[in-house]
Amino acid sequence: MAVQFFEFGKLSDGRRVQAAKLTNHAGASLTILDYGATIQSLCIPGRNGDPVDVVLGYDTAEEYEKNGDYLGATIGRVGNRIAKAEFSLNGKTYALAKNDGENHLHGGAEGFDKKFWRMTALDETLVCRRISPDGEENYPGNLEVSVCFRLTEDNRLCIAYDADTDADTIVNLTNHSYFNLAGHGDVLQHRLQIFAERFAENDGGCLPTGKLLKVEGTPFDFRTEKEIGTDIGTDHVQLKRAGGYDHNYVLCGEKAAVLYSPESGIEMTVETDLPGMQFYSGNFLTERRGRNGSTIVKRDAACFETQLFPNGMNCYAFPSPVLRAGARLHSETSYSFRVR
């Protein structure tokens, strides 16, 4: 496994963005930016042996700064949505940024996706570290975070998250890569299986209400592999509210999902030790320039964000995102690729 560091570009204020590229002997490669601990590129050999970049990305640092939508970024402190942009902990209420209507999304106005991380190579692993200071985005406690990216020789991307805090706080870390296993076009013909029997009901703002619904008999049933586009246009209130899929699935076990592109022959298996996964079908992607002069539009990719359940501080039956002082958070998610 080779690791190469290089300068990726500059932000609008002149700060330099560094990149690290990991390459294995099977012909796969992974490029990570220190800005946002972002997956900028993930190339996997397809059916004909040529590499396919299976994630959306940008060519320049300024595009990551300006265009948003969290392409490939590490999300924190708390991924997904928090109702009314506030939470109570130990008898105190914390007001957060309202950056998604009246709600808080993906860590706030300047979440982890807008921060610089210190990158180091350790054997075959790239380690990204940062300290989120007490009061950053009004979250309590100094939070020390590391995200480890490893690309194995059998084309498995492993992501390990670790965090500890000196004061009680809330944490829900994830990665926001947009996957297209064909490397271009929409993903409606991709075939998907999700290992879940229930999903979280959303309100009109894509915020979980606390109610869990059965997938059986609904367009949300991916227990048997089907094309993403099969039911996406169905007249179902949950699809209408989100403009497609943007829902947390309650996972049955560590195997979360399998995605397959008939065009490239690439199959991706998602595994995690976390209880939930947000399946998002790229409904809110607006037209913009992507890598190598390509154009990104709505539903050009799908996200599989492994996570604790969104809005967990306000839905008390959900797994708690509270991390106590002195405790340590550790979770792992992997994306395994093969040709079938």
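This passage describes a sheet, a buried glutamine and several backbone features in a predicted model.

An open sheet is formed by six strands, arranged in the order β17-β28-β25-β22-β19-β20, and the pairing within this sheet is antiparallel. The edges are occupied by β17 (178–179) and β20 (208–214), each of which has a single partner strand, so that one side of each is left without a neighbour in the sheet. In general, the strands of a sheet pair through backbone hydrogen bonds, in either a parallel or an antiparallel sense. At the β20 edge, strand β19 (residues 196–202) and β20 pair in the antiparallel sense over four bridges, and F199 stands opposite L213 in β20.

The loop between β19 and β20 contains C206, a residue that has a positive phi of about 60° although it is not a glycine. C206 is also buried, with a relative accessible area of 4%. A positive phi is likewise found at E137, where the value is near 55° in a residue other than glycine; E137 belongs to the loop between β12 (125–132) and β13 (143–151). A further backbone feature is the peptide bond from G76 to R77, which is cis, with omega near 0°, and R77 itself is located in the loop between β6 (74–75) and β7 (81–82). Most residues other than glycine have a negative phi, and most peptide bonds are trans.

Elsewhere, Q40 is part of strand β4 (residues 38–45) and is buried, its relative accessible area being 8%. When neighbours within four places in sequence are left aside, Q40 is in contact with F8, T31, L33, V55, L56, G57, Y58, Y64 and R291.

Terms used
Residues numbered from 1 in each chain as written. Predicted model: local features only at pLDDT ≥ 70, side-chain atom pairs only at ≥ 80, totals over all residues. Heavy atoms only, no water. Helix = DSSP H or I, 4+ residues; strand = E, 2+ residues; numbered from the N terminus. Buried < 20%, exposed > 50% of the residue type's maximum accessible area, 1.4 Å probe, protein only. Contact = heavy atoms within 4.5 Å. Pairing = 2+ DSSP bridges.
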